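Thanks for coming. I will go through one structure this morning, from the overall layout down to single side chains. Please have a look at the screen.

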Amino acid sequence: MTVSHNIVIVGAGHMGTAIFLGLKKSNLDISIIIVEPNTHLRSNIASTGINAHEKIPELAGSEILILAMPPQAFSAFSKTCNTVQNHSGLIISVMAGITLCELHKNLSATQVCRAMPNIPCAVAEGITVLCHTPNLTQKNRELAQHLFSGMGKFLLAEERLFDSATALVGGGPAYVAYFANSLREYAISSGFNEDSAHHIVVQLLRGTSALLIENAEPPLDLCKKVMTAKGTTEQAIHFFDDNQLNTIIVDGLKQASKRAKLLGEGS
Ligand SMILES: NC(=O)c1ccc[n+]([C@@H]2O[C@H](COP(=O)([O-])OP(=O)(O)OC[C@H]3O[C@@H](n4cnc5c(N)ncnc54)[C@H](OP(=O)(O)O)[C@@H]3O)[C@@H](O)[C@H]2O)c1
C-alpha cells in the first residue's frame, strides 16, 4: 500500500515521541507535524528538522491526527480546539481509557480509531492493539494498520479488551524493564561492573526473546528447560513461586487495567 499523507501528532511526550521516531524511521511516504505545548520538547523536536507547533494548525481534510496527549487533557482539548471538530480525516487516539464513543462524541468525527501501542514503536519493535468504530472506512482501517505495522506488529481486538491492552501492551515494556533492573541490581551487587551488568541483562532479554520467537513455545516451557532438577535455577524459581511472584505480577496488571478504566471516567 502506498501512503502519502500528512500526520499531525498531538502530544510529544514519551509515546508521541516514540510514534514520531518510529514513523520517521519507517519507509512510509509521510510528512509529520508535531503539536506540543512544552517549549523544551518542542525545540528538541524542531532541531531534528520536524515541524513543531505550540497549537494545532488548520487541518486539511485528509490529514491523519494522532492524539497522544494525557487522557486528562482530552476533554479540555476537544472543547477548545475547533480545528479538530468534524475533522473528516482519520483520527487515531493512543490515550488510555478514552473510548471510541467519547472520541466520536467529543470530536464530532466518524473516522476514529483507538490504538494501544508501546514505546518500542520508536525502534520498529512495537506491538499495537487496534480497534475502530464500525463506520471507519476500509481505506482508513488499512491506513491505521499500515502505519502501525511500519513500527512493529499490530493486532485487531474488540474495544472491551482495551483496558487490558493498556495494562499489558502499553505498560508491558515497563514490567520487562523492571525485571531487567532486578537482574542488573543482582549483577552489580555480586561484583559485575555497570557496563558488564548492562551487557549481560540486555543480551539475556534479546536471547530469551529470540528463543521464544524461534521455538514458538509457551514461556514456562523455556523456563522448565533451564530448571535442571535439583539445580540452581530451580532454587530461584521455587523461591519466586513460594513468594507468589507470578500472582503479584498478574495482580499488578489488574491494577493497571483498573486505572485505565478510571482514566476513561475522568479520574
Ligand atoms: N508512555 C507510554 O508508554 C504509553 C503507551 C501507550 C499509550 N500511552 C498514552 O499516550 C499518551 C501520552 O502518554 P505519555 O506517557 O507520552 O505522556 P507524557 O510523557 O506526559 O506526554 C504527554 C505530552 O502531551 C502534552 N500535552 C498535554 N496537553 C496537550 C494538549 N492539549 N495538546 C498537545 N499536547 C499536550 C504534554 O505537554 P506538557 O508536559 O506541557 O503538559 C506532554 O508533553 C497518554 O494518553 C497515554 O495513555 C502512553
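A residue is called buried when its relative accessible area is under 20%, exposed when it is over 50%, and partly exposed in between, with a 1.4 Å probe and protein chains only. On that scale, 40% of the 267 residues of the protein count as buried.

Two remarks on the source. This is a predicted model, in which local features need pLDDT of at least 70 and side-chain atom pairs count only at pLDDT 80 or more, while totals for chains, interfaces and linings use all residues. Residues are numbered from 1 along each chain as its sequence is written, and side-chain values use heavy atoms, with hydrogens and water left out.

Now the overall layout. Taken along the principal axes, the C-alpha atoms fill a box of roughly 65 × 40 × 35 Å. The secondary structure comes to eleven helices and eight strands; these are DSSP runs numbered from the N terminus, with helices being H or I of at least four residues and strands being E of at least two. For contacts, the criterion is heavy atoms within 4.5 Å. Among the contacts in the protein with a separation of 6 or more, 60% are between residues 24 or more positions apart.

Next, the domains. The bounds come from an automatic or database domain assignment, and they give domain 1 as 4–158 and domain 2 as 172–264. The centres of the two domains, taken over C-alpha atoms, are separated by 32 Å. Nine residues from domain 1 and five residues from domain 2 take part in the contact.

How much area is buried between domain 1 and domain 2? The figure is about 440 Å², and carbon and sulfur atoms give 68% of it. Buried area here is the accessible area, with a 1.4 Å probe, that two parts lose on being put together, summed over both. On the domain 1 side, Q72, A96 and G97 supply 50% of the area buried against domain 2, more than any other three residues.

As for polar interactions at that interface, the rule finds zero salt bridges between domain 1 and domain 2. A salt bridge here is a side-chain nitrogen of Lys or Arg within 4 Å of a carboxyl oxygen of Asp or Glu. The count of residue pairs in polar contact between the two domains, both at pLDDT 80 or more, is also zero. A polar contact is a pair of N or O atoms within 3.5 Å; within protein, one must be able to donate a hydrogen and the other to accept it, and residues adjacent in sequence count only if both atoms are side-chain atoms. By class, the side of domain 1 that touches domain 2 has five nonpolar, three polar and one charged residues. The classes are Ala, Val, Leu, Ile, Met, Phe, Trp, Tyr, Cys and Pro as nonpolar, Asp, Glu, Lys and Arg as charged, and the others, Gly among them, as polar.

On to the salt bridges. The count comes to six, and I will show three of them.

One joins the side chains of E159 and R114, at 2.9 Å, N to O. E159 sits in the loop between β8 (152–156) and α6 (162–170) and R114 in strand β6 (residues 112–116), so the pair ties together parts that are 45 residues apart in sequence. E159 is partly exposed at 27% relative accessible area, whereas R114 is buried at 3%.

Another joins R160 and E158, at 2.8 Å, N to O. R160 is exposed at 64%, and E158 is partly exposed at 49%.

The third I want to show is D251 with K254, at 4.0 Å, N to O. Both are in helix α11 (residues 245–264), three residues apart, so about one helical turn separates them. D251 is partly exposed, with 34% relative accessibility, and K254 is exposed, with 51%.

Last, one loop residue. Is T133, in the loop between β7 (126–132) and α5 (138–149), buried or exposed? T133 counts as buried, at 8% relative accessibility. A polar contact of 3.0 Å joins its side chain to that of N135. Apart from neighbours within four places in sequence, T133 is in contact with L100, T110, V112 and R141.
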